[in-house]
Amino acid sequence: MAFVRLALGIPMLISGVGKVLAIGPKPMGISGFAGFLTSLGVPFPTVAAWGVGLIELVGGLLLVVGVAVRVVSALIAVDMVVATVLYHLPNGYPAGSNGIELTLVLTLIAAALVLSGPGTLSVEHALFDQEDSSFDSSQSRGAHK
């Protein structure tokens with residue numbers, strides 16, 4: 001699952017850096033992204049720009065390290081479905097023409113992470129699943145007595 005988290009987390013992190021901090025391959029910044037959302041007819045475009053930017057920036061970082069993976073992935077899936085419907089769908093399929101190809105793949109990766117969770121190579125697993133597995137094994141030992 002670590003590779004799947006990275007496949008979603010890295011592009012989201014880079015996209016969020018461009019939207020929030022105005023650096024990287026697509027340095028829009030919040031005002032530029034809010035202007036783009038205005039052109040699409042999104043209500044409260046500045047609030048939406050901050051919401052999407054932070055989901056992508058913070059969510060991408062959380063996915064890379066493996067924290068809150070299911071929640072973050074669900075938020076990113078919604079983000080990608082909205083992006084697909086509002087902007088990419090009219091452009092067809094190929095990513096080269098701003099079609100749905102990339103957002104569809106990112107949506108499906110996010111859905112896979114919602115269903116599968118963070119995996120063993122994650123902070124979330126190290127912090128929480130270790131306790132659960134020791135509890136489960138002690139429970140099963142007690143059942144065999």
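In the predicted model, the cover over the buried residues of helix 5 includes helix 1 (2-21), helix 3 (45-65) and helix 4 (69-88). The residues of helix 5 that are buried are Thr103, Leu106, Thr107, Ile109, Ala110 and Leu113. Viewed down the axis of helix 5, these residues fall within an arc of 165°, so they line one face of the helix. Leu108 and Leu115, by contrast, are exposed on the other side of helix 5.

Helix 5 comprises 16 residues (101-116). The distance from its first C-alpha to its last is 23 Å, close to the 22 Å expected at 1.5 Å a residue. Gly117 follows helix 5 and has a positive phi, near 85°.

Four of the buried positions on helix 5, namely Leu106, Ile109, Ala110 and Leu113, belong to the largest nonpolar core. This core has twelve residues, and its other members are Leu8, Met12, Leu63, Val69, Val72, Ile76, Ala77 and Met80. At least two residues of the core are supplied by each of helix 1, helix 4 and helix 5. Helix 4 gives the largest share, five residues. In soluble globular proteins, nonpolar side chains tend to be buried together.

Val69, a member of this core, touches Leu63 and Leu113 as well as Arg5, Gly117, Pro118 and Glu124, when residues up to four places away in sequence are not counted. A second core, separate from the one above, has ten residues, among them Val20, Phe33, Ala49 and Leu57.

Key
Residues are numbered from 1 along each chain as its sequence is written. This is a predicted model: local features need pLDDT of at least 70, side-chain atom pairs count only at pLDDT 80 or more; totals for chains, interfaces and linings use all residues. Side-chain values use heavy atoms; hydrogens and water are left out. Helices (H or I, at least four residues) and strands (E, at least two) are DSSP runs, numbered from the N terminus. The expected span of a helix is 1.5 Å times one less than its number of residues. Buried means under 20% relative accessible area, exposed over 50%, partly exposed in between (1.4 Å probe, protein chains only). The arc is that of the directions from the helix axis to the C-beta atoms. Contact means heavy atoms within 4.5 Å. A nonpolar core is a set of buried Ala, Val, Leu, Ile, Met, Phe, Trp, Tyr and Cys residues joined through side-chain atoms within 4.5 Å.
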